[in-house]
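Reader: Before I rely on the labels attached to this model, I would like to hear the reasoning behind them. Please set each value against its criterion.

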Amino acid sequence: MTRSLDRRSLLLLAPSIAALGGLAACGFSGGPSSSPGASGSGGAPTVPDLVYAQSVPISSLEPSGKQPQAYPAGYEAAFAIFSGLVRFTPELEIEPELATEWATSEDGLTWTFTLRTGVTFHDGTTFDADAVVPYFTSMLDAKVNLSALSLWSPISKVIKVDAQTIEIVTEEPYGGLLNTLAHGSALIPSPKSVGGKDFALNPVGAGPYRMATFKPGSELRVEAFDGYHRGRPAYDSITYRYVGDPAGRLAALRSGQAQVVDAVPVEQVDTLKAAGGIEVIEEPGLQVFGVGLCLTTPQLQDKQVRQALNHAVDVGSIITAVFRGHATAMTSPLAPNTTGFVDCGAYDFSVDKANQLLDEAGWAVGAGGVRAKGAQRLSLKLRTPDGMYPNDVRVAQVIQEQLKAVGIEITIDKIDKSAFWDSIKVPKADVDFDMVLFGYNPSHGNGAIQLDALYRTNPSETTTIPQWNFQWYSNDAVDDSITAGQHAVSDSAKALEPAQKAIWDDCPYLWLYVKNNIVAHSTKVAAPVVLPVVFTLPSRSE
Amino acid sequence: MTTSPVTDANEPTGPAARTPAAEPVGAETATRRRAPWPLGLVVGGGIVAIVVLVAILAPLIAPADPNAQDLTGILLPPGPGHLLGTDSLGRDIASRIIHGARFELGLVLPPLLVTVLVALPLGMAAGYVGRWVDKVVSAISDTLLTFPSLVAAIVLVALLGNGTVPLMVTLVVTQLPAMVRYVRGFAKQVSSSQYVLAARSSGSSTPTILRVHVLGNILGQVLVIASLFASEAILVIAALGFLGVGVQPPNAEWGTMLSEGRIDFMNAPHVMIAPGAAIALLILGFNLLGDGLRDRLDTRG
Amino acid sequence: MLRFVLGRLVRILVQVFCVVTLVFLLFRLAGGDPVTLLLGPDATPQAAAQLRHEMGLDRPQLVQYGDFLLHAVTGDLGESTSYSQPVTAVIVQALPPTLSLMLLSVVSAVVVGVAAGLLAAFRPHGWFARGSLLLWVALLAVPNFWLGMVLVQVFAVQLQWLPAIGYENPASLVLPATAIAARLVALIARLTRSTTIEVLGEEFIATARARGVSPARLVVVHALGPALPHVLTMIGLQAGYLLGGAVVVENLFSFPGMGSLLLSAVSGRDYPLMQGITIFFVGGFLIINLVTDLVASRIDPRIRLGAGA
C-alpha cells in the first residue's frame with residue numbers, strides 16, 4: 001500500500017527548482033546598497049548614491065504632450081534630467097536657469113529672453129535658440145500639447161532673433177508667462193532626441209543628471225552629468241523608487257534603504273521628529289481643499305445655506321485632530337503663496353450662527369433631526385475619492401458628523417480615485433452629486449489660472465466642463481476680474497482681488513484647509529529643495 | 001480511509017483530471033477516540049454563535065454610538081470609558097467592533113446563502129443526472145475557477161464600485177463555481193449509494209429522488225463546505241477592506257478599520273489589534289465549526 | 001502521458017481564452033477610461049477626445065476585441081497605457097520578483113511544514129504536538145497582511161534586521177515570503193501529521209520495531225511517500241491563495257511584482273495591461289495545477305491522470 005519515494009522524480013525536481021530560482025534571482029534590481037555610506041555631520045552630502053522613495057510611481061518621462069507621469073513623481077525626476085529657461089525658487093519666485101535675463105516690451109506683448117551660453121545637452125548637442133524655438137512652437141499646437149495647453153494658449157508665437165536670443169509674443173498681456181516657463185511642460189529636451197521612438201523611456205535634457213536606467217512604475221536611476229552648467233551636482237546618482245505605502249516609505253527611511261521620502265503622513269511627523277538621524281521639512285503648500293457645493297442642487301442654491309455650512313464646520317478641529325496641526329485654514333480661495341493671493345477674512349466656527357442662518361433661510365428642524373422646507377429635506381450626498389488626497393475619507397466623515405449637529409443629513413459616496421475625476425467632469429444634466437471633496441494644486445503657482453480653472457463660468461451646459469468648475473458656479477463680475485488677472489503682467493493681486501472677495505462671499509465651496517508639504521530626509525544628506533507645488537527636488541542639491 | 005471529497009479549506013477540487021486529495025480524517029478520529037461532540041465543533045460553533053448574538057444585540061450592548069466622533073480625544077489607549085480605546089476620529093473602538101459584527105456577518109452570510117441556493121440545484125443536476133448537463137456545468141465552473149478569487153474580487157469591485165451590494169455580488173460570483181463543484185461531487189457520490197439505487201429501481205421520479213435522497217444526504221457536507229467558505233469570505237472582505245475597497249464610510253467594517261488604523265500603527269497599535277483579532281477570531285470560529293462538523297459527520301459514518 | 005499533457009494544454013488555452021473574453025467584456029462594460037488619468041488635471045476635453053481617438057478607444061467594442069485577439073495570437077498583447085511600453089515587456093519585468101517570492105514561500109512552507117508535521121506525529125501527546133496544533137489553527141485564521149505588518153514593525157523598523165520594502169537582494173524576500181508561507185505551513189503540517197500518524201499505526205511498523213529496526217527511519221521514508229503527493233496536490237489547490245496573497249503582500253511591501261502591477265493597472269484603468277495580467281494569472285494558476293498533477297502522479301501512480309471524478 002505504501003510506496004517509497006520515487007528517486008527519479010526527486011532528482012528531476014531538485015534541478016528544476018534550482019533553475020527556476022536562478023532565473024528569478026537574475027531579476028534582482030541590484031540597486032544601491034541598502035546601507036548609506038560613510039557617516040558625517042550636516043553640511044555637504046556624504047551619501048554618493050541617493051535613494052528617494054516616492055509616493056507616486058514614475059511611468060513615463062515625456063515632458064510635453066502627455067506630461068511626465070505621474071504627478072509629482074514624474075516631474076521631480078524630469079527636473080533632474082531637463083532644465084527650462086527659468087525655474088522656481090522655494091519661495092516660488094522665478095530665477096534664471098537656461099535664460100540669463102529677460103525683458104518685456106512696452107505693450108507687454110513681447111518678451112525677450114537671452115539664452116545662456118556654453119550649455120550642452122547630455123548627448124553633446126549645443127543649447128541655443130534652435131533647441132528652444134521649435135520645441136516651444138510645438139507646445140502651442142493643441143494636437144501635441146495634450147495636457148497643459150491652458151498654460152500655453154495665451155502665447156501666439158515664439159521667434160528666434162539670433163542664436164542666443166528668442167522672443168515670445170502673446171496675444172494679450174500674459175502675467176503668468178514666467179510661471180508657464182517654470183512649469184514641467186516647458187522643460188527643454190535635446191532637439192536631436194525629440195520625436196525619437198523611445199523618447200519617453202530615454203529622455204535627453206540639459207539637467208544636472210542624465211538617465212541611466214528606467215523601470216517604469218518601480219524605479220528610475222539617474223547619474224551625475226559633469227557638463228551641467230552649474231557644475232557637477234551633489235550626488236553620483238539618484239534613484240527614484242516608488243513606495244506607494246506610506247508606512248513602507250517611512251520604514252525604508254528608518255531602516256536606511258532610502259534617504260529622502262516625500263508625502264510623510266501627518267500622523268507620523270512627531271514620531272519621525274523624535275527619531276534620531278532624521279530631519280523633517282515642512283512647508284506650507286499651495287494645494288487648497290474644500291467641499292464643492294453644487295449649484296445644481298436646489299437646497300444649495302441659497303447663499304445663506306452655503307454660508308451656514310461654512311460656519312457649521314469646525315475647520316480648526318479638523319486641522320488639529322486629522323492633520324495633527326500640519327495644515328492651515330483657508331482665508332481665500334487661493335493659498336497664501338499662490339501669486340495673486342488676497343486675504344478675504346475667515347468664516348468663524350459657530351454652530352449658533354449656522355443654525356440662525358438656516359432658520360432664517362426657512363429650513364426648520366423636522367423629523368429625525370433633519371431640517372426641511374416643505375417637502376424638501378436638507379439631505380445631501382457628499383462624494384469623496386479614496387486615497388487621492390491625504391485623509392480624504394476621514395475628513396468627509398468629520399464633515400458628516402459636524403453637519404449632523406446643525407440638522408443636515410449627509411450620505412457619503414466614496415469613489416475609487418481612478419474613477420473620481422471622470423465622475424465629476426460631466427455636463428450639467430449628468431450631475432449626480434451634491435457636494436464633492438476636492439483639492440486643487442496649482443502646479444504652476446499662478447492664482448489667475450487657478451481661479452480660471454475653478455470658477456470661470458462654464459461655456460456650455462450640454463458639454464463636459466472644460467476645467468474644474470464642477471459645481472456650475474457662475475458670476476460675471478468674477479469672470480471679468482479673472483480675465484484682468486490673467487493679463488496683469490505685475491501685481492495680479494490687485495486685479496484678482498474683486499474675484500477672490502466675491503467668490504469668498506458666494507461660498508461655492510465649503511472652505512477647508514491648505515495642507516503643508518511634509519518631506520523627511522536622513523541627516524546624512526543635505527536637505528532637498530522642496531517647492532510648494534509639492535515637488536521635492538534632491539537634484540537641486542549642490 | 002474515507003472517501004469524502006476535498007475537505008481542505010478554501011480551494012476546491014481542481015480540474016476534473018485530478019482525484020480529490022482527501023485529508024485522512026480517519027486519523028483525527030483515531031486520536032480523538034470517537035468523541036460524540038468534537039471539541040472543534042463546540043468551540044467553533046460557540047464562537048460563531050457569540051458573534052451572531054453580538055451582531056443582533058449590537059445597539060443594546062455597545063457602550064457608545066459607533067460613529068460619534070470626539071476630535072479632542074483621538075487615539076486614546078484602552079482605559080476607563082473606552083474599553084478598547086478610541087480611533088483616529090475619537091470614536092469608541094469597542095462599539096465599532098460590536099457594530100462591525102453586523103457588517104461582517106451581513107456581508108458574508110447572505111451571499112453565502114444565495115450561493116448555496118443557486119449551487120444546490122445546479123450541482124445536483126450535474127452530479128446526479130450527469131451526461132451533457134454535467135459537461136456544461138463543469139466546463140463553465142472549471143473555467144471560472146481558474147481565476148484566483150481575491151484577484152477576481154479586486155477586479156470585480158473595481159468595476160462595480162464601492163458599497164455593500166457590489167461586495168456581495170462579488171462574493172457570490174467568486175464562490176459560486178467552487179460551490180457548484182463541491183455539490184456536484186457530493187451528489188455524484190450519493191448517486192451510487194444504496195438508497196438512491198433502490199429508489200430508482202422502485203420507479204421514483206428524478207425530482208423526488210433528488211429532493212428526498214440526494215439533497216438530504218448531501219446537506220451535511222454542504223454545511224461543512226459552507227462554513228469553510230464563510231471563513232474564506234471574511235478573509236476576502238478583510239483583504240479588500242485593507243486594500244481600500246469596501247463599504248461606504250463611516251460604517252465600522254473590521255477590514256476597513258484595519259486599513260484606517262494602519263497609518264497610526266506605530267504610535268497607537270491598539271487601533272489595529274482589536275479589529276485584527278476580531279477578524280481572526282471569526283475566521284477561527286468558522287474554521288473550527290467546519291472541521292468539527294466534518295468530524296461529526298464522519299463519526300456517524 | 002504525452003497525450004495527457006497535450007490535452008491539458010489545449011484545455012488551458014481554451015480556458016484562458018474564455019476568461020480573457022469575459023474580462024474584456026467586463027472592463028469595457030464598466031466604463032471609466034484611462035485617458036483622463038493619463039492627461040492629468042490640466043487637460044481639455046478636446047485633448048481627451050483626441051487621445052482617446054489615438055488610442056483607438058472610440059472604436060466599436062467588437063472591433064477593439066477583434067484587434068486585441070489578432071495581436072494576442074502573435075504574442076503582441078498591446079501597449080500599456082500607463083507605461084507606454086509593450087504589455088509583454090512590462091509583465092516580463094514584474095515576473096521575476098513574484099516568481100522568486102512564490103518559490104521561496106512554497107519551498108520554505110514545505111520544508112518547515114513537513115518537518116513540523118513529522119515532529120508532531122512522533123510525539124502526538126507531547127507539548128510540542130499540542131502547541132503546534134493550536135499554532136496551526138491560529139495561523140490559518142490570521143490574515144496574511146496583518147501578519148506582514150507585524151513582521152515589518154518588528155524585524156524591519158525595530159530590529160532593523162531585514163529590509164522593509166522592495167526587491168534588492170535575497171533578504172528582501174524573507175519577510176514577504178514568511179507572511180505568505182505561514183498559512184501554507186499550517187496546512188502542510190496538519191496534513192503531514194495526520195498521514196504520519198496513520199502510517200505509525202500500521203502493522204508493519206510494529207513488526208519493524210519488534211525486529212529492532214528504527215521506526216524513525218522507516219516512518220520518514222514511508223510517511224513521506226504517501227504524504228508528498230497530497231502535499232503537492234494541496235499546493236496546487238492553494239495556487240489561488242498564493243496568487244491572491246501575492247497581491248496583498250506585494251502591496252504591503254512595495255514589492256515590484258505582478259501583484260503590485262495588477263493593483264496599479266486597475267487603479268490606472270490600464271486595459272491592455274489588465275488583460276495581459278489576467279492571462280498570466282489564469283495561465284499561471286492552470287500551469288501550477290498541471291505541474292503539481294504531473295509530479296504527484298509520478299510519485300504516486302495511484303493518482304491516475306485523466307481519471308474522471
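The exchange below takes up several labels in turn, for a model that is predicted.

Reader: Why is Arg324(A) called partly exposed?

Author: Arg324(A) has 16 other C-beta atoms within 10 Å, and since the label buried requires 20 or more and exposed requires 12 or fewer, the residue is called partly exposed because its count lies in between. Arg324(A) sits in the loop between α9 (315-322) and β13 (327-329) of chain A, and its phi is positive, about 50°, although it is not a glycine.

Reader: What makes Asn391(A) buried?

Author: There are 23 other C-beta atoms within 10 Å of Asn391(A), and the cut-off is 20 or more, so Asn391(A) counts as buried. This residue belongs to the loop between β17 (379-386) and α11 (392-404) of chain A, and it too is a residue other than glycine with a positive phi, near 60°.

Reader: Why is the contact of α5(B) with α6(B) described with no charged residues?

Author: The label charged is kept for Asp, Glu, Lys and Arg, and the contact is made by Ser149(B), Ala152(B), Ala153(B), Leu156(B), Val157(B) and Leu160(B) of α5(B) together with Pro166(B), Leu167(B), Val169(B), Thr170(B), Val173(B) and Thr174(B) of α6(B). Because none of those four residue types appears there, the division comes to nine nonpolar, three polar and no charged. As for the geometry, the axes of α5 (residues 149-160) and α6 (residues 164-191) of chain B come within 9 Å and cross at roughly 145°, and the crossing is right-handed.

Reader: What makes α8(C) mostly covered?

Author: Of the 30 residues of α8(C), 26 are buried, which means that each of those 26 has 20 or more other C-beta atoms within 10 Å of its own. This helix, residues 171-200 of chain C, also bends by about 40° at Ala181(C). In chain C as a whole, buried residues make up 54% of the 309 residues.

Reader: How do you know which helix gives the most to the side of domain 1 of chain C that touches domain 2 of chain C?

Author: The domain assignment gives domain 1 (11-73) and domain 2 (89-308) in chain C, and their contact takes 13 residues from domain 1 and 11 residues from domain 2. On the domain 1 side, α1 (2-30) and α2 (34-39) each supply at least two residues, and α1(C) gives the most, with eight residues. By class, that side has 10 nonpolar, two polar and one charged residues.

Conventions
Residues are numbered from 1 along each chain as its sequence is written. Chains are lettered from A and ligands numbered from 1 in the order in which they are written. This is a predicted model: local features need pLDDT of at least 70, side-chain atom pairs count only at pLDDT 80 or more; totals for chains, interfaces and linings use all residues. Axes are lines fitted to C-alpha atoms, for helices over the stretch in contact, and angles run from 0 to 180 degrees between N-to-C directions. A crossing is left-handed if the near helix is turned anticlockwise from the far one by less than a right angle, and right-handed if clockwise. Two residues are in contact if their C-beta atoms, placed from the backbone, lie within 7 Å. The bend at a residue is the angle between axes fitted to the seven residues ending there and the seven starting there. Domain bounds come from an automatic or database domain assignment.
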